[in-house]
Amino acid sequence: MPSPDWRKTACNLCYVNCGLEVLVEDDRIAKVRGDRDNPKSQGYLCNKAARIPYYAHHRDRLTTPLRRRPDGGFDAINWDTAIAEIAAKLRDVVDRHGGKSLALYGGGGQGNHAGGAYAMALLRALGSRHVFNALSQEKTGDFWVNGHMFGSQTCHTAEDVHHCDLLFVIGANPWIAHGFPNARDHLNDIRKDPNRKMIVIDPRRSETAERADLHLAVRPGTDAFLLGAILARLVQRDAIDHAFIEQHTTGYPEVRDAFSKIPVEQWADIADIPLEQIEQCVDMIVAAKAMTVRVELGIQQGVNSTLNSWLEKLLIMLTGSFGRKGTNQLHSWLVPLWGNSPNQRFAATDTEVIGGLLPPNLFPDAVLADHPDRLRAVWVDSSNPANTASNTAQVETALRALDLLVVVDVAMTETARLAHYVLPASSQFEKTEFTLFNFEFPRNYFHVRAGVIAPLEGTLPEPEIYTRLSRALGLLPGDNALAPLREAAFRSRAAFAAEFRNLMGAKPQLTALGALVLYNTLGATLPDGTAAAAPLWQAAHLCAKRSPQAVRRALSAERDVPDEMLGEMLFAAIVGSRNGAAFTEHDYADVWSLISHPDRKVRLAIAPLLEWLGRLDPATAAPSGDYPFVLAAGQRRMFNANQIFRDPAWRRDDPDGALLINAADLKSLGAEDGDWIAVQSAAGRLVARCKRDDSMRSGQLALPHGYGQDYPAADGERLNNGPRVNILTESGNRDPIAGTPYHKHVPVRLERLAAAEVAAVEAQSQRIHRVSA
C-alpha cells in the first residue's frame, strides 16, 4: 500500500500564510495539517486553514472563458477567441483615450501574488499605473504616516511579540484574526507568564480582550481621543524616553507642546474610559522593559484613521519601544508589496496616490467623473469589488458604465457577472504561488510553493494568461525571438544575466514586461515547475545588494561571497525550498539602516496631523439621531475569511452571518435572539439574523466580512450566501487624507420586519443551509 501523499504548500486565508501540508487523493485535497518543517509557522494550524478543501473544490469554479451577451447572459468561448477579442478591445481603448484610461483592480489576493507581477507588467506596458486593491482600502493611511516618519511609504513596522513583556493591542483581535505568526500560542504564553502583560483597546470584549490584563472598552469612533489622552499623560508625567528621542528622532518639542494642551479628563470622558484606567495603562507602559504595539483595521478603518496611525506610532516612539528586542521594528522586503509615491495625484478625482495605490472608495468617481482622464477600462484580477468596495450600488453602476471590464478569477464572482469577459484562472493550489506579506523581524521569510494538484481543465495560471495577451497586443516577442535568452538560462546563470542585459538594452520597451520575459525564459529552468517565480531573480539580487550582511546571515554564507553570487544563492534558496526560506536575518541595530531619511532619524512632527489633533471636537463623536447604532462592517470571526471562499458548506457555524447585538439593545427593539432584523444606513438596507452577544457595547453592532456571495444550488439556481455588507457602507464616509473607508464605524438604524418579509428571508436561509449540508 503506498504511503500517504502529503505535499507542502501554504495557507491563503490571511496574510500570515502559515506553511501547510495537504493530503492529495485522486488529485483532490483531502486533508490539511500544519507543516512542521516550515521555518516560520513550525506546524501551526488554525481551524480556518483546515477547511481549505472547500476553497479548492466547489461547484462554482470556472472552466472556460466567457463573453457577455447583450441580454446579460454569457457564452462560452475558447481561449484563442477570448485573447484575440480582449486584445483588440484593449488596444482600441488605449488608442482612443490613452493608457491612463485603464486601471487594474486587484493584482493578487490573499496568498495569491504571483499573478500580480504579470498583471502590473501588462498595465505598465499599456501606459498606466492606476491600481486599486484591498491594501488601499485598509492600510494607505498607515503608509502615508510611515512615509513622513520614516522617509518612504514602503517602510513598515513589525512586532516582536515573541520577546515583549507588554503587548499593546489596538483595534485588533489576533486570537481570531491572527496577524502575526502562531498568534494563539504567543497570546497563551503571555497570559501564563506573570512577568508579561497585555493591554487591549477595543469597544468589544473580544476573545483577545478576555485574555488581557487591562481592557479599555473605548466608545466606537473615539480611538483618537483615547490614544491622545494616553499620550498626553505620558507627556504630562514626563514618562518619555528622552535619550531615545534625542538620539533617534526630530520634532519632539512640537509634539510635546501639542499633547501638553490636551484636556485628558474631557477626552477620557468622551472615550468612555475612566481616568483611573488611563493612569493604569500609563503605569503599565512605564513599567514595561519592552513594549510592542499591534494594530489592525479597528483603528485603520475607524474614524480618524490616518490620525490614529500617527498616534500609534507616537506611542511607540515616545516610549523608546523601537529598535530593541521585544519592541516594534522596521522589516526588510524581498519585493515591496506596495510602492512609494509621494506628491502623486490621480487627475480624474484629484486624489492623492499613496503607496502607488488608489482608494476603492474613489473607484465609482474615477469611472463616472466628467473628466478626460476618467477610467474607461478596468482589469480585475483575483478581486471582487462588487462585494468588497464601499457602497455596492455605486460600484455596480461604475462597473456597468465601463467600455471594457475583464475579470480573471477562479469563480463566477459578483464582479464577474458584470464583466464583458471572464477568464478562468487556476486555483492557488493548482499553480505556482508565493506571498509578498513578509513582515517578520529579525528573520524574514519567503515561501514559493509549487502546485499540489493539477489545474482544472480549461483554466490557466495568470502568467500564461498575460503572456498570451501581451503577445496578442504585440508587446511581447514570441518564443522564437526569446529562444537565445532561454538557451542562455540553461547554459549558466552568468550567461543568462549577460544576455538579459543585452536584450533590455536593445529593446528598452520590454522593461515594463520584464516579469513576462523572465517567466518565458529563466522560468523554464526552475525546479518543480515554479516558472512563475522567475521575476524573483531580480528581486533576490536587489535584496542582496540592499542588505548583504542580513542575506549572508539568513543563508549562513561566508563573508567573502561576492554580492553577485550572493544574489544567485538567495534566488536558489527561495525557489528551491517548498516549505519557505529566510531571506534576511538582521541584528536589532540594523533597524536604523531601514529608515529612508538620510540622517536615519524618525520625524515625529507631521504638520497636517498636528493640526488635525488640534481641531478634534468631542461633539463629533456623538451618535447621529437618525442612525443611533454604530456598525462594525466586516468583522473577523471563527468561521469567516476572505471573498475567495464561496461554498457556504465551509462554515461550521454562523451560516447566516449574524448581526451581533448587545442584549439590552435587542430588548429595546422588542426582538429576540435569532430574529431577522433590517439594518438601514444612508447608503442602503439589508436583512440579517441577529445574535445576542454581550461582549458588544450597547449601541455597537457587527456584521462579518467574507459573506454576500451567491452560490449555485444543486438545481443550478444561485442563492445568496449571507449579508452583502457593503450595501450599507457609504463611499463618502472616509478618511480625508487616505480615502480609507470607515468600515468599522457605519451609522445605522434597526427595524423589525413584517411577517411576510420574515418568511421570505427564512426560506432563503433554509435553502442555503441545505446547500451547506
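This passage walks through a predicted model of one protein chain, from its overall form down to single residues.

The whole chain makes a good starting point. Its secondary structure comes to 27 helices and 32 strands. The radius of gyration is 26 Å, close to the 28 Å that the globule rule gives for 773 residues, so the chain is as compact as a globular protein of that length. Along the principal axes, the C-alpha atoms fill a box of roughly 75 × 75 × 65 Å. Of the 773 residues, 64% count as buried. Contacts can also be sorted by how far apart the partners lie in sequence. Among contacts with a separation of 6 or more, 75% are between residues 24 or more positions apart.

The next feature to look for in the structure is a barrel. Six strands close into this barrel, in the order S25-S29-S26-S28-S27-S32, and their pairing is mixed. From one strand to the next, the twist averages 45°. Strand S29 (residues 700-704) is a helpful place to see what mixed pairing looks like, with S26 and S25 beside it in the barrel order. With strand S26 (residues 659-661), S29 runs antiparallel, and two bridges join them. Here leucine 660 has alanine 702 of S29 as its bridge partner. With strand S25 (residues 629-635), S29 pairs in the parallel sense, over five bridges. In that pairing, glutamine 635 is matched with proline 704 of S29.

Strand S29 is also mostly covered, as five of its five residues are buried. Its residues point in two directions: Gln700, Ala702 and Pro704 face one way, while Leu701 and Leu703 face the other way. The residues in both of these sets are buried. Alanine 702 and proline 704, the bridge partners of leucine 660 and glutamine 635, thus point the same way from the strand.

Aromatic rings are another feature worth tracing. The chain has 26 aromatic pairs. In one of them, tryptophan 333 and tryptophan 338 have ring centres 5.0 Å apart and planes at 85°, so the pair is edge-to-face. Tryptophan 333 is buried, with a relative accessible area of 8%, and tryptophan 338 is buried too, with a value of 5%. Another pair is made by phenylalanine 500 and tryptophan 537, whose ring centres lie 5.7 Å apart with planes at 90°, so this pair is also edge-to-face. It links distant parts of the chain, as phenylalanine 500 belongs to helix H20 and tryptophan 537 to helix H22 (residues 536-546), 37 residues apart. Both of these residues are buried. Returning to the two tryptophans, Trp333 and Trp338 belong to one aromatic cluster together with Tyr15, Phe143, Phe437 and Phe439.

Some rings have a charged partner. The charged end of arginine 211 sits over the ring of tryptophan 175, 3.6 Å from its centre. Arginine 651 lies over the face of tyrosine 707, and its distance from the ring centre is 3.6 Å.

Two single residues round off the tour. Methionine 504 is found in helix H20 (residues 493-506), the helix that also holds phenylalanine 500. At 15% relative accessibility, methionine 504 counts as buried, because the cut-off for buried is under 20%. Beyond its neighbours within four places in sequence, methionine 504 is in contact with Leu510, Thr511, Gly514 and Val517. For methionine 504 and valine 517, the separation is 13 residues in sequence and 9.9 Å in space, taken from C-alpha to C-alpha.

Histidine 178, in turn, lies in the loop between helix H6 (174-177) and helix H7 (183-192). Its relative accessible area is 8%, so histidine 178 is buried. Leaving out neighbours within four places in sequence, histidine 178 is in contact with Cys14, Val16, Tyr44, Cys46, Asn173, Ala183, Arg184 and Arg294.

Conventions
Residues are numbered from 1 along each chain as its sequence is written. This is a predicted model: local features need pLDDT of at least 70, side-chain atom pairs count only at pLDDT 80 or more; totals for chains, interfaces and linings use all residues. Side-chain values use heavy atoms; hydrogens and water are left out. Two strands pair if DSSP finds at least two bridges between them. Helices (H or I, at least four residues) and strands (E, at least two) are DSSP runs, numbered from the N terminus. Axes are lines fitted to C-alpha atoms, for helices over the stretch in contact, and angles run from 0 to 180 degrees between N-to-C directions. Buried means under 20% relative accessible area, exposed over 50%, partly exposed in between (1.4 Å probe, protein chains only). Contact means heavy atoms within 4.5 Å. Rings of Phe, Tyr and Trp (its six-membered ring) pair if their centres lie within 6.5 Å; planes under 30 degrees apart count as stacked, over 60 as edge-to-face and the rest as tilted. A charge sits over a ring if NZ of Lys or CZ of Arg is within 6 Å of the ring centre and within 35 degrees of the ring normal. The radius of gyration is taken over C-alpha atoms; the globule rule is 2.2 Å times the number of residues to the power 0.38.
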